[in-house]
Amino acid sequence: QVQLVESGGGLVQPGGSLRLSCAASGRFFSINHMAWYRQAPGKQRELVADITSGDSTNYADSVKGRFTISRDNAKNTVYLQMNSLKPEDTAVYYCNVGARPSLLTNIWEYWGQGTQVTVSS
């Protein structure tokens, strides 16, 4: 079982920056992909960015050039550096991790509890 603890959300003015963190703990054999999703009120959850175990990254078009995803494998932690924030970035941000509980099992998906990011003046 994998537990995910997110931190770093809050209120920020347009143009500001925030850094989200998500630390994975528990018993697992390996972590595969790590990602951040977000869900704004009345909208579907959408992928913001993801990063593979080989550090390949992928971003939603709306955040390219402003957000950076990274991971620290020694700490089992994924980060999302968010710069030049806009009001439309306001949402609950969720951490997602694909992990293998043991060597012979498939990859399971785990989700954090979500952290609120509000961009407003």
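**Figure 1. The largest nonpolar core of this predicted model has 31 residues.** Trp36, Leu80, Met82 and Tyr93 are the residues with the most contacts inside this core. Eight names are worth keeping at hand while you look around, since two or more core residues come from each of these elements: β1 (2–7), β3, β4 (30–39), β5 (46–51), β7 (67–72), β8 (77–82), β9 and β11 (115–119). Which element gives the most to the core? That is β9, with five residues.

**Figure 2. Cysteine 22 and cysteine 95 form a disulfide.** In this close-up the two sulfur atoms are 2.1 Å apart, and the count for the structure comes to one disulfide. Is the bridge left-handed or right-handed? The torsion about the S-S bond is about -80°, so the disulfide is left-handed. Cysteine 22 lies in strand β3 (residues 18–26) and cysteine 95 in strand β9 (residues 91–100), so the pair ties together parts that are 73 residues apart in sequence. Both partners, cysteine 22 and cysteine 95, are buried.

**Figure 3. The charged end of arginine 45 sits over the rings of tyrosine 94 and tryptophan 111.** Please follow the side chain of arginine 45 to its charged end, which is 3.8 Å from the centre of the tyrosine 94 ring. For the ring of tryptophan 111, the distance from the charged end of arginine 45 to the ring centre is 4.8 Å. As for contacts between rings, the count comes to one aromatic pair.

**Figure 4. Arg38, Glu46, Arg66 and Asp89 are linked in a network of salt bridges.** Let us start with arginine 38, which forms a salt bridge with glutamate 46; their closest N and O atoms are 2.7 Å apart. Are these two partners buried or exposed? Arginine 38 counts as buried because its relative accessibility is 6%, and buried means under 20%. Glutamate 46, by contrast, is partly exposed, with a relative accessible area of 35%.

Another bridge of the network joins aspartate 89 to arginine 66, again with the closest N and O atoms 2.7 Å apart. Where do these residues lie? Aspartate 89 is in the loop between β8 and β9, while arginine 66 is in the loop between β6 (57–59) and β7; the pair links distant parts of the chain, 23 residues apart. Aspartate 89 is buried, with a relative accessible area of 1%. Arginine 66 is buried too, with a relative accessible area of 10%.

**Figure 5. Aspartate 61 and lysine 64 meet in a salt bridge through their side chains.** The N to O distance here is 3.1 Å. How exposed is aspartate 61? Its relative accessible area is 65%, so aspartate 61 is exposed. How many salt bridges does the structure hold? There are four, including this one between aspartate 61 and lysine 64.

**Figure 6. Aspartate 55 has a positive phi although it is not a glycine.** If you like checking backbone torsions, this is a good stop: phi of aspartate 55 is about 70°. Where does this residue sit? Aspartate 55 lies in the loop between β5 and β6. With 48% relative accessibility, aspartate 55 counts as partly exposed.

**Figure 7. Serine 84, a residue other than glycine, also has a positive phi.** The value for serine 84 is near 50°. Its place is in the loop between β8 and β9, the loop that also holds aspartate 89 of Figure 4. Serine 84 counts as partly exposed, at 39% relative accessibility.

**Figure 8. The chain has zero helices and eleven strands.** To finish, here is the frame into which the close-ups fit. Along the sequence, the pattern reads β-β-β-β-β-β-β-β-β-β-β. How does the chain compare with a globular protein of its length? Its radius of gyration is 14 Å, close to the 14 Å that the globule rule gives for 121 residues, so the chain is as compact as a globular protein of that length. Taken along the principal axes, the box filled by the C-alpha atoms is roughly 50 × 25 × 25 Å. Of the 121 residues, 39% count as buried, among them cysteine 22 and cysteine 95 from the disulfide view.

How values were computed:
Residues numbered from 1 in each chain as written. Predicted model: local features only at pLDDT ≥ 70, side-chain atom pairs only at ≥ 80, totals over all residues. Heavy atoms only, no water. Phe/Tyr/Trp six-rings, centres within 6.5 Å; stacked < 30°, edge-to-face > 60°. Lys NZ or Arg CZ within 6 Å of the ring centre and 35° of its normal. Disulfide = S-S within 2.5 Å. Buried < 20%, exposed > 50% of the residue type's maximum accessible area, 1.4 Å probe, protein only. Core = buried A, V, L, I, M, F, W, Y, C linked by side-chain atoms within 4.5 Å. Rg over C-alpha atoms; globule rule 2.2 N^0.38 Å.
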